[in-house]
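Let's take a walk through this protein, one piece at a time. Have the sequence and the 3D view open as you read.

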Amino acid sequence: PSNPRFLRTLAFPWITAEDEVSSILLLHEDLTDWHRAETALRRSEARARHLFLTMAQGILEVDAEGRILSANPAAEGILGIALEAMKGHDFETLGWTWLHADGSPLPPERTPPTVALREGRSLVGHVLGLLLHDGRCRWVSIGAHPLWERDAQTPSGAFCTFTDITDLKRTQDELRATSQRLQAVLQGSAAVIFQLAPDGTF
């Protein structure tokens, strides 16, 4: 049938005064709506799991103490470390060195996941550097979002999302350095230099 019904059936013997089974009593409970909701939930969970495993953006889940619970493959690739080596550690015990966008050190207690847990607020779009264990520096755009349970006063954990922007940061730094060198040349030149608008006017 195009719209099947899902039932739970209970069977009870009907006992006569002579202790004989005269018939069977059947009770039917319609579970169709529950079954549809359960099926929809499983499909939604499967889609979310597929997205978690295949997306290019890295995702870390941490508990209320900042300890890493899970990570997707993109996070393992960007951070250069497997989940099993991260699990149970926080950003400080892993020995990671975080950097501000200008290259200065960032204390572990000021990383977005730690702030999200401590202050219960989301942070997005922070550009940070991460010195990996192999000596490389990975630049990421990172955010963190606290997780709340019903009626809780403090977050039960947080999700940390980050995108690898190492190549973009390197290009920006190179363009900035080129611009600074050009400015130095122009300022030290004795030539008369005019700056024109795109339409050719001064």
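In what order do the seven strands of the open sheet lie? Reading across, the order is 4-3-9-8-7-5-6, and the pairing is antiparallel. Keep in mind that this is a predicted model. At the edges sit strand 4 (68-71) and strand 6 (105-106), each of which pairs on one side only.

Start at the strand 4 edge. Strand 4 pairs with strand 3 (residues 58-63) in the antiparallel sense, over three bridges. If you want a spot to orient yourself, find Glu61, which stands opposite Ser70 in strand 4. The hairpin that links strand 3 and strand 4 has four residues between the strands, and Gly66 in this hairpin takes a positive phi near 85°. Hold on to Gly66, as this residue turns up again in the lining of the largest pocket.

Now step over to strand 9 (157-164). Two threonines are good guides here. Thr161 is in strand 9, and Thr163 has its place in strand 9 as well. Are these threonines buried or exposed? Thr161 has a relative accessible area of 18%, and residues under 20% count as buried, so Thr161 is buried. Thr163 comes out at 33% relative accessibility, so this residue counts as partly exposed.

What do they touch? Leaving aside neighbours within four places in sequence, Thr161 is in contact with Gln57, Gly58, Ile59, Ser141, Ile142, Gly143 and His145. With the same kind of neighbours left out, that is, residues up to four places away in sequence, Thr163 touches Gln57, Trp139, Val140 and Ser141. Thr163 also shows how the fold brings distant parts of the chain together: its C-alpha atom and that of Ala56 are separated by 7.7 Å, although the two residues are 107 residues apart along the chain.

Next, look at what lies across the sheet. Helix 4 (residues 112-119) lies across strand 3, strand 7 (123-131), strand 8 and strand 9, and runs at about 15° to strand 8. Which residues of helix 4 are buried? They are Pro112, Pro113, Val115, Ala116 and Leu117. These buried residues pack against strand 3, strand 7, strand 8 and strand 9. Just after helix 4, Gly120 takes a positive phi of about 65°.

Helix 4 also has a part in the largest pocket, giving the most to its lining, with three residues. About 160 Å³ of space lies in this pocket. Its lining is made up of Val62, Glu65, Gly66, Asp90, Phe91, Glu92, Pro108, Glu109, Pro113, Thr114 and Leu117. By class, that gives five nonpolar, two polar and four charged residues.

How about enclosed space? Rolling a probe the size of a water molecule over the atoms shows where empty space is left. Here the count comes to one cavity of 30 Å³ or more, and the largest cavity holds about 40 Å³ of space. Around it you'll find Leu60, Leu79, Phe91, Trp96, Trp98, Leu130, Val140, Ile142, Cys160 and Phe162. Strand 8 and strand 9 each supply at least two residues of this lining. What classes do the lining residues fall into? Ten are nonpolar, with no polar and no charged residues. Phe91 is worth a second look, since you can find it in the lining of the cavity and in that of the pocket.

Finish with two loops. Most residues other than glycine have a negative phi, and most peptide bonds are trans. Two aspartates go against that habit for phi. Asp19 has a positive phi of about 60° although it is not a glycine, and Asp151 likewise has a positive phi, of about 65°. Where do they sit? Asp19 is in the loop between strand 1 (7-15) and strand 2 (21-30), while Asp151 lies in the loop between strand 8 (137-147) and strand 9. Residues over 50% count as exposed, so Asp19, at 66% relative accessibility, is exposed. Asp151, at 70%, counts as exposed too.

Key:
Residues are numbered from 1 along each chain as its sequence is written. This is a predicted model: local features need pLDDT of at least 70, side-chain atom pairs count only at pLDDT 80 or more; totals for chains, interfaces and linings use all residues. Side-chain values use heavy atoms; hydrogens and water are left out. Buried means under 20% relative accessible area, exposed over 50%, partly exposed in between (1.4 Å probe, protein chains only). Contact means heavy atoms within 4.5 Å. Two strands pair if DSSP finds at least two bridges between them. Axes are lines fitted to C-alpha atoms, for helices over the stretch in contact, and angles run from 0 to 180 degrees between N-to-C directions. On a 1 Å grid over the protein atoms alone, a cavity is a set of points where a 1.4 Å probe fits but cannot get out, and a pocket is an open set with protein on both sides within 12 Å along at least five of seven lines; lining residues have an atom within 4 Å of a point. Grid points are joined across faces, edges and corners, and a volume is the space filled by probe spheres set on the points. Ala, Val, Leu, Ile, Met, Phe, Trp, Tyr, Cys and Pro count as nonpolar, Asp, Glu, Lys and Arg as charged, and the others, Gly among them, as polar.
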